[in-house]
Amino acid sequence: MRTILVTGGAGYIGSHTLVELLQNTNYRVISLDNFSNSLEKTYDRIKKISPRPLETLALDLCDKTRLYEALGRIGQIDGIIHFAAYKSVPESMKEPLLYYHNNLSSLNNLLSYANDNGINHFIFSSSCSVYGNADDLPVTEESPLKKAESPYGHTKQVGEDMISFFCKSNPSFNAVLLRYFNPVGAHMSGLLGELPLNRPNNLVPIITQTAVGKNALTVFGTDYPTRDGSCIRDYIHVSDIADAHVRALHFLMEGKNASNCKVYNLGTGNGVTVLEAIASFEKVTGRTLSYGIGDRRGGDVIAIYANNTLAKKELNWVPRFGIDDMMLSAWKWQQNLELE
Ligand code: UD1
């Protein structure tokens with residue numbers, strides 16, 4: 001049986017990917033997390049959805065000595081899906097050094113371990129933030145990477161470069177870099193979703209928290225050069241993102257990659273404004289959301305959405321959910337959280 005290590009498995013996208021791996025593959029699955037922005041009880045939620053065994057390691061990837069010790073006890077690892085990272089654009093503007101240290105030391109340590117132990121299949125969580133303020137939309141994988149608008153985005157650019165140069169130095173190493181657009185929503189069961197430990201920064205958890213009176217939504221800027229003045233993003237259901245990881249893993253394991261460092265956009269291809277996202281939430285839930293209009297937020301790009309043709313063609317991936325499904329599933333999750 002092949003063994004897959006998932007870093008950041010207790011986090012938002014990691015946990016949904018663990019579910020896909022447990023339900024749709026027969027791999028031995030090991031999750032590593034230091035719970036810096038996640039909770040251990042997420043594993044119990046995963047086990048409610050899938051009864052297959054899930055092994056777990058509580059560990060900080062920046063601690064190289066402990067990392068080598070812990071991974072050394074596992075036996076042969078066949079593939080790594082690397083999610084663990086800090087991911088808030090505004091937090092990274094305030095704490096850039098924290099982001100460079102955490103996101104890049106961890107990646108360096110993990111690549112070193114892979115290099116030293118002959119682990120040749122690697123999937124990296126990248127982000128559409130690597131495109132910066134793109135000149136032409138939708139962006140393809142060939143679109144030039146502009147200057148990153150935030151340290152968060154820059155850590156993803158540097159992370160991609162580290163992997164790409166490592167691939168050049170080590171032709172037997174195979175990597176897929178997945179550029180997520182805006183992952184939102186929750187598992188359709190309502191049993192799993194985003195669980196921000198601190199006050200969330202992302203739009204959809206703020207919307208659902210506002211609807212239950214636990215937050216106050218402000219739209220950051222309505223004076224952008226877009227159809228309604230608010231920023232445009234490509235929201236993509238988290239379970240579609242998770243599904244793409246399983247497909248990317250099969251693609252690597254089956255040796256289908258033409259080059260040893262492949263990049264794919266993971267978005268629906270639809271640009272949605274902040275005000276349209278709010279309207280979708282109001283439509284599917286039948287609730288009116290009260291919100292304010294505020295200033296632009298530092299680090300935000302104006303508009304971005306994906307050309308996803310390559311992932312569809314080469315990974316055989318098709319996003320199944322639209323913005324209404326994303327909002328409804330996020331709302332179901334928020335309502336379940338309220339019952340706890
Ligand atoms: C960014 C990345 C995305 C990454 C995510 C991780 C870009 C373009 N995208 O998403 O790839 O997965 O970080 O966190 O860099 N907004 C409000 N009010 C709020 C919160 C957000 O109006 O209270 C607006 C933002 O200004 C933005 C949109 O909603 O226009 C989405 O924001 P958010 O959910 O924070 O994600 P991004 O920063 O776009």
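## Briefing on a predicted model with a bound ligand

Leu310 counts as partly exposed, because its relative accessibility of 25% falls between the cut-offs of 20% for buried and 50% for exposed. This residue belongs to helix α10, which spans residues 309-314. The structure described here is a predicted model. The points below cover the ligand and its surroundings, the second largest pocket, the largest cavity, and several individual residues.

**The ligand and its shell**

- The ligand is surrounded by 26 residues, and those that come nearest are Lys87, Ser127, Thr218, Arg233 and Asp300.
- Asp300 also takes part in a pairing through its side chain, where an N or O atom lies 2.6 Å from an oxygen atom of the ligand.
- For the side chain of Arg297, the distance between an N or O atom and a ligand oxygen is 2.9 Å.
- Phe181 is paired with the ligand through its backbone, with an N or O atom 3.1 Å from a ligand oxygen.
- The ligand on its own would expose 740 Å², and 94% of that area is buried by the protein.
- Three elements each contribute at least two residues to the shell, namely β7 (182-184), α7 (203-211) and β8 (217-220).
- The greatest contribution to this shell is made by β8, which supplies four residues.
- In terms of residue class, the shell consists of 16 nonpolar, six polar and four charged residues.

**The second largest pocket**

- The volume of the second largest pocket is about 290 Å³.
- Its lining comprises 18 residues, and those closest to the pocket centre are Glu194, Pro196, Gln209, Gln334 and Leu337.
- Two or more lining residues come from each of the elements α7 and α11, the latter covering residues 323-339.
- Helix α11 gives the most to this lining, with five residues.
- Helix α7 therefore has a place in two settings, as it supplies residues to the lining of this pocket and to the shell around the ligand, under one numbering of DSSP helices and strands.
- The pocket lining divides by class into eleven nonpolar, four polar and three charged residues.

**The largest cavity**

- One cavity of 30 Å³ or more is found when the whole structure is searched.
- The largest cavity has a volume of about 60 Å³.
- Its lining is formed by His82, Phe83, Ala84, Ala85, Asn103, Leu104, Phe124, Ser125, Thr155 and Lys156.
- At least two of the lining residues are provided by each of α5 (96-116), β5 (121-127) and α6 (151-169).
- Five residues of this lining are nonpolar, four are polar and one is charged.

**Thr7 and its contacts**

- Thr7 is located in strand β1, which runs from residue 3 to residue 7.
- Is Thr7 buried or exposed? Thr7 is buried, because its relative accessibility is 0% and the buried class holds residues under 20%.
- A polar contact of 2.7 Å links the side chains of Thr7 and His82.
- A polar atom in the Thr7 side chain is also 3.2 Å from the backbone nitrogen of Ala84.
- His82 and Ala84 are both among the residues that line the largest cavity.

**Residues distant in sequence**

- Leu310 is separated from Thr140 by 170 residues in sequence, while their C-alpha atoms are 8.4 Å apart.
- Gly255 and His121 are 134 residues apart along the sequence, with a C-alpha to C-alpha distance of 9.9 Å.
- Gly255 sits in the loop that connects α8 (238-253) with β11 (261-266).
- The relative accessible area of Gly255 is 52%, which means that this residue is exposed, the cut-off being over 50%.

**Backbone features**

- Leu137 and Pro138 are joined by a cis peptide bond with an omega of about -5°.
- Pro138 lies in the loop between β5 and α6.
- Phe35, which is not a glycine, has a positive phi of about 60°.
- The loop between β2 (28-33) and α2 (42-49) contains Phe35.
- Asn316 is a further residue other than glycine with a positive phi, here near 60°.
- Asn316 is situated in the loop between α10 and α11.
- Asn316 is classed as exposed, because its relative accessible area is 56% and the exposed class begins over 50%.

Technical notes:
Residues are numbered from 1 along each chain as its sequence is written. This is a predicted model: local features need pLDDT of at least 70, side-chain atom pairs count only at pLDDT 80 or more; totals for chains, interfaces and linings use all residues. Side-chain values use heavy atoms; hydrogens and water are left out. A residue is near a molecule or strand if one of its heavy atoms lies within 4 Å of it. A polar contact is a pair of N or O atoms within 3.5 Å; within protein, one must be able to donate a hydrogen and the other to accept it, and residues adjacent in sequence count only if both atoms are side-chain atoms. Accessible areas come from the Shrake-Rupley method with a 1.4 Å probe; for residues, only the protein chains shown count as cover. Ala, Val, Leu, Ile, Met, Phe, Trp, Tyr, Cys and Pro count as nonpolar, Asp, Glu, Lys and Arg as charged, and the others, Gly among them, as polar. On a 1 Å grid over the protein atoms alone, a cavity is a set of points where a 1.4 Å probe fits but cannot get out, and a pocket is an open set with protein on both sides within 12 Å along at least five of seven lines; lining residues have an atom within 4 Å of a point. Grid points are joined across faces, edges and corners, and a volume is the space filled by probe spheres set on the points. Buried means under 20% relative accessible area, exposed over 50%, partly exposed in between (1.4 Å probe, protein chains only).
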